[in-house]
Amino acid sequence: MENDFELEPGCEETPELREQELRQDMLQESEEFLEPEEKPVFDFKYTLSEQEYIDFNLMLFERNMAKSKRKMRIFGILEIIIAALMFSLFFNLESTSLLIKIMTVVLFLFGIFSLAYYSYIFPSQLKKSVRKTYQESENLKGEFHIRLYETFVRDTYEEKETDVAFSEILGVLENDQFVLILLNDLQAFILPKRIFQGDTYERLSDFLYQKCKEYSKSRQRLAKKPSKARK
């Protein structure tokens with residue numbers, strides 16, 4: 001029986017030709033379905049020093065404890081005033097018991113403690129704890145790789161990638177040393193301002209402003225006054 005279709009002379013299909021056609025079809029198909037990888041708007045690589053990690057934690061402390069610090073300061077002032085009044089009214093009276101005198105002294109000391117705790121005592125304790133954590137952690141001493149895309153932030157460490165959408169962040173916090181993209185009250189993507197070159201800071205500031213506005217996130221700048229514990 002004769003074939004219904006015959007190849008023209010010189011057009012015989014060889015195995016090599018058939019394989020090349022299949023590869024071209026697969027390549028064309030993959031190009032149709034695979035989009036080029038999105039490029040980050042900002043790409044930062046850096047390391048953090050021990051002092052920078054301490055300053056970062058003090059920065060979060062100053063933000064998170066601002067209300068508590070004001071309350072403790074008010075209580076401290078009231079305790080000292082009450083102790084001073086008790087001292088002036090009762091201390092010189094012969095009828096004043098030893099217990100009242102002891103209570104007056106204790107109240108005065110509590111007032112001093114309330115004034116000093118959040119300004120000096122707690123920051124000093126925090127500094128010691130953070131320094132120990134940094135010295136014992138290899139991760140904190142390694143290279144940070146943070147990339148900002150249009151809709152999310154990518155953190156890469158030891159070839160492991162973690163993506164956080166801008167819709168999921170808490171907000172942006174800034175002072176003279178850092179720009180922080182807050183994940184919660186205790187965690188953040190840390191961007192030291194020393195890594196910014198040229199107009200990078202201005203462009204980044206505009207970019208984060210737009211993202212905070214778009215996703216209704218808070219943006220806060222802390223006062224320039226440094227913590228007592230940094231010295």
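Axes are lines fitted to C-alpha atoms, for helices over the stretch in contact, and the angles between N-to-C directions run from 0 to 180 degrees. On that basis, in this predicted model, helix H3 (residues 66-90) and H4 pack at an angle of about 155°, with their axes 8 Å apart. The protein has 6 helices and 8 strands, and 32% of its 231 residues count as buried. The briefing below covers the overall order of elements, the helix packing, the sheet, the nonpolar core and two individual residues.

**Overall organisation**

- Read from the N terminus, the elements follow the order α-β-α-α-α-α-β-β-β-β-β-β-α-β.
- Among contacts with a separation of 6 or more, 66% are between residues 24 or more positions apart.

**Helix packing**

- Two packed helices are described by the angle between their axes and the distance between the axes.
- The angle of about 155° between H3 and H4 exceeds the cut-off, since angles over 145 degrees count as roughly antiparallel; H3 and H4 are therefore roughly antiparallel to each other.
- The crossing of H3 and H4 is left-handed.
- H4 also packs with H2, at an angle of about 140° and with the axes 9 Å apart.
- H2 and H4 are therefore oblique to each other, and their crossing is right-handed.
- On the H2 side, the contact is made by Glu-50, Tyr-53, Ile-54, Asn-57, Leu-58 and Phe-61.
- On the H4 side, the contributing residues include Tyr-118, Phe-122, Pro-123, Leu-126, Lys-127, Val-130 and Arg-131.

**The four-stranded sheet**

- An open sheet of 4 strands is arranged in the order S1-S2-S3-S4, with antiparallel pairing.
- Its edge strands are S1 and strand S4 (160-165), each of which pairs on one side only.
- Neighbouring strands of this sheet are turned by 15° against each other on average, direction ignored.
- H6 packs on the sheet and touches S1 and S2; the direction of H6 makes about 120° with that of S1.
- S1 and S2 run antiparallel and are joined by 5 bridges; Asp-43 stands opposite Arg-147 in S2.
- S2 pairs with strand S3 (residues 152-157) in the antiparallel sense over 4 bridges, and Leu-148 has Val-153 in S3 as its bridge partner.
- The connection from S2 to S3 is a hairpin through 3 residues.
- S3 and S4 run antiparallel and are joined by 6 bridges, with Phe-152 opposite Ala-165 in S4.
- A hairpin with 2 residues between the strands is formed by S3 and S4; Glu-158 in this turn has a positive phi of about 50°.

**The nonpolar core**

- In soluble globular proteins, nonpolar side chains tend to be buried together.
- The largest nonpolar core of this model has 42 residues; the residues with the most contacts inside it are Tyr-46, Leu-148, Leu-180, Leu-191 and Leu-208.
- At least two residues of this core are supplied by each of the helices H2 (50-64), H4 (98-136) and H6 (200-214).
- The same holds for each of the strands S1 (42-46), S2 (144-148), S5 (171-174), S6 (178-182) and S7 (188-192).
- H2 gives the largest share of the core, with 7 residues.
- Leaving aside residues up to four places away in sequence, Leu-208 touches Leu-148, Phe-166, Val-172, Val-179, Ile-181 and Arg-219.
- Leu-148 therefore appears both among the residues with the most contacts inside the core and in the pairing of S2 with S3, opposite Val-153.

**Individual residues**

- Lys-127 lies in helix H4 and is among the H4 residues that make the contact with H2.
- Residues under 20% relative accessible area are classed as buried, so Lys-127, at 13% relative accessibility, counts as buried.
- Lys-127 and Tyr-53 are 74 residues apart in sequence, and 9.6 Å apart in space from C-alpha to C-alpha.
- Ser-216 is placed in the loop between H6 and strand S8 (218-221).
- The phi of Ser-216 is near 55°, a positive value in a residue other than glycine.
- The threshold for exposure is over 50%; Ser-216, at 67% relative accessibility, therefore counts as exposed.

Definitions and conventions. Residues numbered from 1 in each chain as written. Predicted model: local features only at pLDDT ≥ 70, side-chain atom pairs only at ≥ 80, totals over all residues. Heavy atoms only, no water. Core = buried A, V, L, I, M, F, W, Y, C linked by side-chain atoms within 4.5 Å. Buried < 20%, exposed > 50% of the residue type's maximum accessible area, 1.4 Å probe, protein only. Contact = heavy atoms within 4.5 Å. Pairing = 2+ DSSP bridges. Parallel < 35°, antiparallel > 145°, perpendicular 65-115°, else oblique. Left-handed = near helix turned anticlockwise from the far one by under 90°.
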